[in-house]
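This report describes the fold, the surface and a few selected residues of one protein chain. The sequence and the model are shown first, and the description follows.

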Amino acid sequence: RQMCIRDRYQYKPNTSYSLNIQLPVSYSSMSFDNLLSGAKYPTDRVDMGAKVSFNMRPGANFRASLTLGQQNTLGGIKDYIVNPVYTTYRQRTTFGSGELNLRKSYSASTNLNYRDPVKAFFATLTAIYRIGHNNRISGSDVTPGQVTGSVEKSDNRSHMFMSSLSLSKNM
């Protein structure tokens, strides 16, 4: 069972600026039983996230936004499958590490748009930075006869940066 409540607040003093705040709260109640070993894996947890975005349109041709966020994601029953399973004739996979997967991500993004239809000039700049925390790591071992995927308990962190620039001028 999972339940999520999302509070959303918006402050918009005029048509040029707005501030949006979202505060999702989720409650997860899961219970997995291993019938062979008799082990029980109950999980009851409350997670909070946040998303704040600031949007502005100071003139007719320019728009900008900045968004900051934090999110928690919980795994599922596959996290408890620690024995290898053949998914194809040549591919063997271990789905979980024996512990419920918990991913936390933090992100920041910005988007800048400039449009001048009279001069037929358009520009868009987008940038995203994301940090991820995970309590497991996945790997693959590739040999000529088989591909073996595995998962291990290991705290790890990832960093991702992406940007794009688009310019167009019609002649």
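Is Arg-130 buried, partly exposed or exposed? The model is a predicted one, and in it Arg-130 has a relative accessible area of 39%. Arg-130 is therefore partly exposed, since the class lies between the limits of 20% and 50%. The residue belongs to strand β9. Apart from residues within four places in sequence, the contacts of Arg-130 are Ser-105, Tyr-106, Ser-107, Ser-158, His-159 and Met-160. Val-52 lies 78 residues from Arg-130 in sequence, and their C-alpha atoms are 15 Å apart in space.

**Overall fold**

The protein chain contains zero helices and 10 strands. Read from the N terminus, its elements are β-β-β-β-β-β-β-β-β-β. The radius of gyration of the protein chain is 23 Å, whereas a compact globule of 171 residues would have one near 16 Å. The C-alpha trace spans about 70 × 45 × 25 Å along its principal axes. Among contacts with a separation of 6 or more, 53% are between residues 24 or more positions apart.

**Surface and charge**

Of the 171 residues in the protein chain, 23% are buried. The accessible surface amounts to about 12,000 Å², and carbon and sulfur atoms contribute 56% of that surface. The protein chain carries 21 positive and 10 negative charges, and the mean positions of these two sets are 12 Å apart.

**The core and Arg-45**

The largest nonpolar core consists of six residues, namely Met-30, Phe-32, Leu-74, Tyr-80, Leu-100 and Leu-102. Leu-74, one of these core residues, has contacts beyond four places in sequence with Ser-28, Met-30, Thr-43, Arg-45, Leu-100, Asn-101 and Leu-102. Met-30, Leu-100 and Leu-102 thus appear both in the core and among the contacts of Leu-74.

Arg-45 is located in strand β3, which covers residues 40-48. With neighbours within four places in sequence left aside, Arg-45 is in contact with Ser-26, Tyr-27, Ser-28, Leu-74 and Leu-102. Two of these partners, Leu-74 and Leu-102, are members of the largest nonpolar core. Arg-45 itself counts as partly exposed, because its relative accessibility is 27%. The C-alpha atom of Arg-45 is 24 Å from that of Ser-138, a residue 93 positions away along the chain.

**Loop residues**

Arg-90 sits in the loop between β6 (85-86) and β7 (91-93). Its relative accessibility of 45% is why Arg-90 counts as partly exposed. Not counting residues up to four places away in sequence, Arg-90 touches Pro-144, Gly-145, Gln-146 and Val-147.

Lys-119 is placed in the loop between β8 (102-116) and β9 (121-143). Lys-119 counts as exposed because its relative accessibility is 57%.

Ala-120 is also found in the loop between β8 and β9. What is the class of Ala-120, buried or exposed? Ala-120 is buried, because its relative accessible area is 15%. The phi of Ala-120 is near 60°, a positive value in a residue other than glycine. Most residues other than glycine have a negative phi.

**Pairs of residues in sequence and in space**

The table sets out C-alpha distances for pairs from the residues discussed above.

| Pair | Separation along the chain | C-alpha distance |
|---|---|---|
| Arg-90 and Gly-75 | 15 residues | 26 Å |
| Lys-119 and Lys-169 | 50 residues | 8.0 Å |
| Arg-130 and Val-52 | 78 residues | 15 Å |
| Arg-45 and Ser-138 | 93 residues | 24 Å |

Arg-90 and Gly-75 are thus separated by 15 residues in sequence and by 26 Å in space. For Lys-119 and Lys-169, 50 residues apart along the chain, the C-alpha separation is 8.0 Å.

Key:
Residues are numbered from 1 along each chain as its sequence is written. This is a predicted model: local features need pLDDT of at least 70, side-chain atom pairs count only at pLDDT 80 or more; totals for chains, interfaces and linings use all residues. Side-chain values use heavy atoms; hydrogens and water are left out. A nonpolar core is a set of buried Ala, Val, Leu, Ile, Met, Phe, Trp, Tyr and Cys residues joined through side-chain atoms within 4.5 Å. Buried means under 20% relative accessible area, exposed over 50%, partly exposed in between (1.4 Å probe, protein chains only). Contact means heavy atoms within 4.5 Å. Helices (H or I, at least four residues) and strands (E, at least two) are DSSP runs, numbered from the N terminus. The radius of gyration is taken over C-alpha atoms; the globule rule is 2.2 Å times the number of residues to the power 0.38. Accessible areas come from the Shrake-Rupley method with a 1.4 Å probe; for residues, only the protein chains shown count as cover. Lys and Arg count as positive and Asp and Glu as negative; His and the chain ends are not counted. The place of a charge is taken as NZ of Lys, CZ of Arg, CG of Asp or CD of Glu.
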